[in-house]
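What follows is a short report on one chain. Please keep the sequence and the model in view while reading.

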Amino acid sequence: MIKPAITLTLFGLTACATTTPPFDDNGNPNVREQSETCDAEAAQGMVGERATSALGGELLAITGARTLRWVPPRTAVTMDYRMDRLTVSYDDNMLIERISCG
């Protein structure tokens, strides 16, 4: 029997995943559009704002990023670069300190 905590963790992880189907409705390969790259410069005015899920959605919209990565204080993150990912670091008071792509 799967424990409820494991189930919730697995569900939470799958909710973070974003994928593009390999083929469109006509069977043609999906190609990443230029508009799916991240533009962190557009979000720099949000540095100093409180990190919330609503603000996360707004950040995705104004930067064109496909995924959002929140980085809490004192947290290690992978250094793999993804041109469609927005990374937002915040402090202990939930105030945004840094907004970057990758």
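## Met94 and its surroundings

Met94 counts as partly exposed at 33% relative accessibility. The classes are set with a 1.4 Å probe on protein chains only: buried is under 20% relative accessible area, exposed is over 50%, and partly exposed is in between. This is a predicted model, in which local features need pLDDT of at least 70 and side-chain atom pairs count only at pLDDT 80 or more, while totals for chains, interfaces and linings use all residues. Residues are numbered from 1 along each chain as its sequence is written, and side-chain values use heavy atoms, with hydrogens and water left out.

Met94 sits in the loop between β2 and β3. Helices (H or I, at least four residues) and strands (E, at least two) are DSSP runs, numbered from the N terminus. Phi of Met94 is positive, near 65°, in a residue other than glycine. The C-alpha atoms of Met94 and Arg50 are separated by 5.5 Å, although the two residues are 44 residues apart along the chain. Leaving aside neighbours within four places in sequence, Met94 is in contact (heavy atoms within 4.5 Å) with Glu49, Arg50 and Ala51.

## The nonpolar core

A nonpolar core is a set of buried Ala, Val, Leu, Ile, Met, Phe, Trp, Tyr and Cys residues joined through side-chain atoms within 4.5 Å. The largest one here has 13 residues. Met46, Leu55, Leu59, Leu86, Val88, Ile96 and Ile99 touch the most other members. At least two residues of this core come from each of α2 (53-63), β2 (85-90) and β3 (96-101). β2 gives the largest share, three residues. In soluble globular proteins, nonpolar side chains tend to be buried together.

Which residues does Leu59 contact, leaving aside its neighbours within four places in sequence? They are Ala43, Met46, Trp70, Leu86, Val88, Ile96 and Ile99.

## Salt bridges

The structure holds four salt bridges. Each is a side-chain nitrogen of Lys or Arg within 4 Å of a carboxyl oxygen of Asp or Glu. Three of these pairs are tabulated, including the distance between the closest N and O atoms.

| Pair | Closest N and O atoms |
|---|---|
| Asp84 and Arg66 | 3.9 Å |
| Arg74 and Asp92 | 2.8 Å |
| Arg85 and Asp80 | 3.4 Å |

Take Asp84 and Arg66. Asp84 lies in the loop between β1 and β2 and Arg66 in the loop between α2 and β1, so their salt bridge ties together parts that are 18 residues apart in sequence. Asp84 is buried, at 2% relative accessibility. Arg66 is partly exposed, at 23%.

Now Arg74 and Asp92. Arg74 is in the loop between β1 and β2 and Asp92 in the loop between β2 and β3, so this pair too ties together parts that are 18 residues apart in sequence. Both Arg74 and Asp92 are exposed. For Arg74 the relative accessibility is 71%. Arg74 is not a glycine, yet its phi is positive, at about 60°.

In the third pair, Arg85 is buried at 7% relative accessibility. Its partner Asp80 is partly exposed at 39%. Salt bridges that share partners also join Arg66, Arg82 and Asp84 into one network.

## Thr37

Is Thr37 buried or exposed? Thr37 is buried, with a relative accessible area of 18%. Its place is the loop between α1 (4-16) and α2. Not counting residues up to four places away in sequence, Thr37 touches Thr63, Gly64, Ala65, Met83 and Asp84.

## The largest pocket

Rolling a probe the size of a water molecule over the atoms shows where empty space is left. On a 1 Å grid over the protein atoms alone, a pocket is an open set of points where a 1.4 Å probe fits, with protein on both sides within 12 Å along at least five of seven lines; lining residues have an atom within 4 Å of a point. The largest pocket holds about 150 Å³ of space. It is lined by 14 residues, and Arg69, Val77, Thr78, Met79 and Arg98 are the closest to its centre. β1 (67-71), β2 and β3 each supply at least two residues of the lining. By type, the lining divides into five nonpolar, five polar and four charged residues.

Key:
Points joined across faces, edges and corners; volume = space filled by probe spheres on them. Nonpolar A, V, L, I, M, F, W, Y, C, P; charged D, E, K, R; others polar.
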